Structures are given as structure tokens and as C-alpha cells.
Amino acid sequence: MDIEKARREELRWLILRALYAARPMGTSETIIKNAIEPVILDITEIEIRRELDYLAERDLISVSNKDTPIWFAKINNHGIDIVEYTVDCHPGIARPKKYW
């Protein structure tokens, strides 16, 4: 198993969950990092930014203020559908299997 790949995919899922909890306003990368640190202790801002870019390219979130020191992200309707299990989740995001 590729540990780095699993870490990236888990991080993407945790970012989506953090942004889902921050609806409807969205939140800064600092708040996202604070939400994820209890799960991934050594998470870095660079990793978060890289995965924010990935999720934005997949049209699951929008990222603003990229030209400032702190980025801001907001989940969109497709990202919400992924978190709520109403649509299929393509590979690249470690969404747990629905058990209910």
C-alpha cells in the first residue's frame, strides 16, 4: 500500500468534511488545518494548499485569496453531494463506505 497516496486521499476527505461543517460561509486554511491536526498530527500548510488545489480542480470546492498569505475555501454543491453520499465518489478521495 502506498502510504503517501493514502495520506493524500484521507486529507482530501478531511478537507471536504471541514468545509462541509463550515457551510455556508467557508473558512480559512488555518481553520482547516486546526480541524485536521487531531487526525493527521504532522500536517503542513503546503499539503493543505496542494489538496485544496486538487479539490478545486475537481470542482468540489472554490478557493479564493490565493494571492494573499491565507487562502479561503468554500465547498460547493457537488462537494456537498460527495460528503452527503448522494453521488458516487470517484477515486482520489478516501470517502469511507456508506454503512447505513
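Select Tyr 85 and go to the end of its side chain: it reaches the backbone oxygen of Pro 96 at 2.8 Å. Bear in mind throughout that this is a predicted model.

**Stop 1: Tyr 85 and its surroundings**

Stay on Tyr 85. It sits in the segment after α4, the helix of residues 77–83. Is Tyr 85 buried or exposed? Its relative accessible area is 17%. The limit for a buried residue is under 20%, so Tyr 85 is buried.

Now show its contacts, leaving out residues up to four places away in sequence. Tyr 85 touches Trp 13, Arg 95, Pro 96, Lys 97, Lys 98 and Trp 100. Add Tyr 99 to the view and check the backbone: the C-alpha atoms of Tyr 85 and Tyr 99 are separated by 11 Å, with these positions 14 residues apart along the chain.

**Stop 2: the aromatic pair**

Keep Tyr 85 and bring up Trp 13. How many aromatic pairs does the structure hold? It holds one. The ring centres of Trp 13 and Tyr 85 lie 6.2 Å apart and the planes meet at 70°, so the pair is edge-to-face. This pair links distant parts of the chain: Trp 13 belongs to helix α1, Tyr 85 to the segment after α4, and they are 72 residues apart.

**Stop 3: Trp 13**

Centre on Trp 13, in helix α1. At 8% relative accessibility, this residue counts as buried. Which residues does Trp 13 contact, beyond its neighbours within four places in sequence? Color these: Ile 82, Val 83, Tyr 85, Ile 93, Ala 94, Arg 95 and Pro 96. Then pick Ile 61. Its C-alpha is 12 Å from that of Trp 13, and the two are 48 residues apart along the chain.

**Stop 4: Arg 7**

Remain in helix α1 and select Arg 7. Arg 7 is buried, with a relative accessible area of 19%. Ignore its neighbours within four places in sequence; Arg 7 is then in contact with Ile 40, Asp 42, Ile 43 and Glu 47. Use Glu 47 as the way into the next helix.

**Stop 5: helix α3**

Select residues 45–57, helix α3. Its 13 residues reach 18 Å from the first C-alpha to the last, close to the 18 Å expected at 1.5 Å a residue. Which residues of α3 are buried? Mark Glu 47, Ile 48, Glu 51, Leu 52 and Leu 55. They cover an arc of only 135° around the axis, which puts them on the same side of α3.

Turn the helix over. The face away from the buried side carries the exposed residues Ile 46 and Glu 57. Turn back and show what covers the buried residues: the cover includes α1 (3–21), α2 (29–36), β2 (61–64) and β3 (72–75).

**Stop 6: Asp 59**

Step off the end of α3 to Asp 59, in the loop between α3 and β2. What is notable about its backbone? Its phi is near 60°, a positive value in a residue other than glycine. Most residues other than glycine have a negative phi. Asp 59 counts as exposed, at 53% relative accessibility.

**Stop 7: strand β2 and the sheet**

Move on to β2 and show its side chains. Ile 61 and Val 63 point to one face and are buried. Ser 62 and Ser 64 point to the other face and are not buried.

Add β3. Four bridges join β2 to β3, and the two strands run antiparallel. Look across from β2: Ser 62 stands opposite Lys 74, and Val 63 stands opposite Ala 73.

Now show the whole sheet. In what order do the strands lie? Three strands form an open sheet in the order β1-β3-β2, with antiparallel pairing. β1 (27–28) and β2 stand at the edges with a single partner strand each, so one side of each is left without a neighbour in the sheet.

**Stop 8: two last backbone details**

Go to Asn 65, in the loop between β2 and β3. Asn 65 has a positive phi of about 60° although it is not a glycine. With a relative accessible area of 39%, Asn 65 is partly exposed.

Finish at Pro 24, in the loop between α1 and β1. Select the peptide bond that joins Arg 23 and Pro 24: it is cis, with omega about -5°. Most peptide bonds are trans.

Methods. Residues are numbered from 1 along each chain as its sequence is written. This is a predicted model: local features need pLDDT of at least 70, side-chain atom pairs count only at pLDDT 80 or more; totals for chains, interfaces and linings use all residues. Side-chain values use heavy atoms; hydrogens and water are left out. The expected span of a helix is 1.5 Å times one less than its number of residues. Buried means under 20% relative accessible area, exposed over 50%, partly exposed in between (1.4 Å probe, protein chains only). The arc is that of the directions from the helix axis to the C-beta atoms. Contact means heavy atoms within 4.5 Å. Two strands pair if DSSP finds at least two bridges between them. A polar contact is a pair of N or O atoms within 3.5 Å; within protein, one must be able to donate a hydrogen and the other to accept it, and residues adjacent in sequence count only if both atoms are side-chain atoms. Rings of Phe, Tyr and Trp (its six-membered ring) pair if their centres lie within 6.5 Å; planes under 30 degrees apart count as stacked, over 60 as edge-to-face and the rest as tilted.
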